[in-house]
Structure formats: C-alpha cells, structure tokens
Amino acid sequence: MNWTVLKALHKLYETRRIKKTITLSSDPYFQMFLQTGEVYEVGKFYNSTDKYEGLYREKHSNKYDIYKDFLERLELDKKRFEEDDINKLIDLEKKVNNDTLVPSRSELIKAQESVRGFSLMFFKNDKYLDKKDSLIDAINLILNIKLVSNKDQQYLYVLQCENPKLIVLCENLDFLRKDKLPRENKYELWYAGGRNVPKLAYTPEIRRGLPIYYSGDWDKDGLEIFELAKKHIPDIELLYPNGQSKSITSTDHKSHWKYPEDPDAISGLTPSLYTERDKTLIRNLIKSDHWITEEGNNLKIMIETSNS
C-alpha cells in the first residue's frame, strides 16, 4: 500500500465518504474492502460502514499518524511512497540521528557512493531505486548527501579492530553492522560492494600480509563474486557455510543457478577454485534449488573450521 491510498483510507475514516479515484479503483488493498463489504459504492463516491471504522482504527490509525508526522516534517507528504519505503526512510533517519548508520554518512560521501550501491546495501537489490527519483531525493535529504548516479564507488568499507589477525571480505554488509563478534575475535571485515571488486587490486599495502577470507551467499551470484575477487587476490580463501539452506523459489530470491539440469556443471563456476566438499555442497544446492544466505552463517565457526 502506498501513502496516497493510506491518506484516502484515513479520510474515509474521518468523513465516512470519499470520491472515487483511479488510484483507489486500481489498488488491490482498497478493493478488498469493497469485496468484503466494509466499503460500498454510491454513485461517484465510496462510503464506509461501522465495521470499516473498527478495522481502520485497529490496523492503520497508529501508523498513519507516524507516517504523517514524519513526511510532513520533511515536506514529503505529497509524494507517493510505498509503505515499506516510508518505514525504510524512518529507519535511516533514526540511524543517522543515533550515529548507528553503517556505512556512516562520512564513509558514503568519501566513497562517492552510487544510487545502485546504496540500493544494494539498504534495499532489496541494486536496482530497487532505479527510476524512483522521489525516494532517492528523500534519501539524499535525510542523509544530507548526494548519491552518485550509478557510478561504482571506489572506496572500501572497513570494520576495523585492534591488532587484526585476519581479514574477511564480505559480500553483504550484515556482519559489518554487528561489530562485537569480529572485534572481540580480531577479525577485520571488508565490504567492496557486491560485484564492485576491481578496487581490490589496490589493497596489498592495507592487507599488511594478513590472511584473507571470502564470506558470501552460497548462490550463483555470491560464488561468482568470489571468483572475481580471487582474480585480484589470488590467495583469498572461501569460507564454508554453516547456515541452513533455503528454497530459492519460496524466498523469492533472484539469483538462480545456471544449468540446473546438470548439477555437475556447478552452475558454470570454475571447478579448480573449489574443494570437493565445496563442489558437493554446490551440487546439492542446485539439485534442491536452494541457497545459503551469508547472514545465516556463524562467522566465527566458519573461520575456525576453515582448514578442516
């Protein structure tokens, strides 16, 4: 549901009657009220019933007030944001105010972060913000930043610790946002930005001779990124996952294995870069159409069992 529809639901609650609009007639959530009888048509208007008022108070009244206060304060209340996006903007503002945004605003500026890079870090995928100018403008406003138009960022995000004993290159940001475990165990974590790994060619000095590992999703994309990283850091080692696999279909995941009819082809990956244990797992994941998320793993266990 978007903000325009929620405002209409609120007006219907207050006045018991609103004009028909194309937005409402094409919105599946609003149409549900018509189908179940909480709202009914009278000429060019929609009227509400007492049952609708109760449902609105129960499900929507509180969040309407929260969204309204937030959007009006930032002069964004005329925009047609989806509900999930409003919640994301509220969360971003809280993190900025609490200084808990990872990467921080200053790091994003230094990295010359792109729209797609930011989208990959904070939204569903790297293309989520494409053609969503109002949402991009709202992010720039809240963070007081100017995201670059789909230009690869050239800055490595690093979670530092005292006297690191190893480095882990992470496909995603989740582990970098949880600093206690890596810092207690002297793991320095790097995030290059998904496939944006060419910058790793400039990292020999900052590695300081430390062993380096790769942690990522065990799916087609995650393992392809490992192979790209290995071209720039030949001695990087792949961490073996310990998380539970999930169905690609049921999780609406977008990274599908190549050649599912031939698991022995291991999705077109380079066989020589994987151990027999790795290849067995990849084949099993392909056969079951499953994947393993990076954040579902225990990082410490992965590292401690990396040579087993």
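In the predicted model, S215 lies in strand β7, which covers residues 212-215. S215 has a relative accessibility of 1%. Buried means under 20% relative accessible area, so S215 counts as buried. The side chain of S215 makes a polar contact with the side chain of E294, at 2.8 Å. E294 is also among the residues that S215 touches once those up to four places away in sequence are set aside. The others in that set are V168, L169, C170, E171, F175, L239 and M302. The surroundings of S215 thus include V168, L169, C170 and E171 on one stretch of numbering, and L239 and M302 elsewhere in the chain.

Aromatic rings form a further set of contacts. The structure holds 14 aromatic pairs. In one of them, the ring centres of Y155 and Y157 are 5.9 Å apart and the planes meet at 85°. Planes over 60 degrees apart count as edge-to-face, so the pair of Y155 and Y157 is edge-to-face. A pair of aromatic rings is described in this way, by the distance of the centres and the angle of the planes. The two tyrosines fall in separate exposure classes. Y155 has a relative accessible area of 23% and is partly exposed. Y157, at 1% relative accessibility, counts as buried. Elsewhere, ring pairs join Y13, Y29, F33, Y52 and Y56 into a cluster.

Charged side chains also sit over aromatic faces. K88 lies over the face of F123, 5.9 Å from the ring centre. R277 places its charged end over the ring of Y240, and here the distance to the centre is 3.7 Å.

The local features belong to a protein with 14 helices and 10 strands, β7 being one of the strands. The C-alpha trace spans about 75 × 45 × 35 Å along its principal axes. The protein has 308 residues, and buried residues make up 47% of them. S215 and Y157 are among the buried residues. Of the contacts with a separation of 6 or more, 65% are between residues 24 or more positions apart. The contact of S215 with E294 is one example of a link between positions far apart in numbering. The exposed area of the protein is about 16,400 Å². Carbon and sulfur atoms supply 48% of that area.

Technical notes. Residues are numbered from 1 along each chain as its sequence is written. This is a predicted model: local features need pLDDT of at least 70, side-chain atom pairs count only at pLDDT 80 or more; totals for chains, interfaces and linings use all residues. Side-chain values use heavy atoms; hydrogens and water are left out. Helices (H or I, at least four residues) and strands (E, at least two) are DSSP runs, numbered from the N terminus. Buried means under 20% relative accessible area, exposed over 50%, partly exposed in between (1.4 Å probe, protein chains only). A polar contact is a pair of N or O atoms within 3.5 Å; within protein, one must be able to donate a hydrogen and the other to accept it, and residues adjacent in sequence count only if both atoms are side-chain atoms. Contact means heavy atoms within 4.5 Å. Rings of Phe, Tyr and Trp (its six-membered ring) pair if their centres lie within 6.5 Å; planes under 30 degrees apart count as stacked, over 60 as edge-to-face and the rest as tilted. A charge sits over a ring if NZ of Lys or CZ of Arg is within 6 Å of the ring centre and within 35 degrees of the ring normal. Accessible areas come from the Shrake-Rupley method with a 1.4 Å probe; for residues, only the protein chains shown count as cover.
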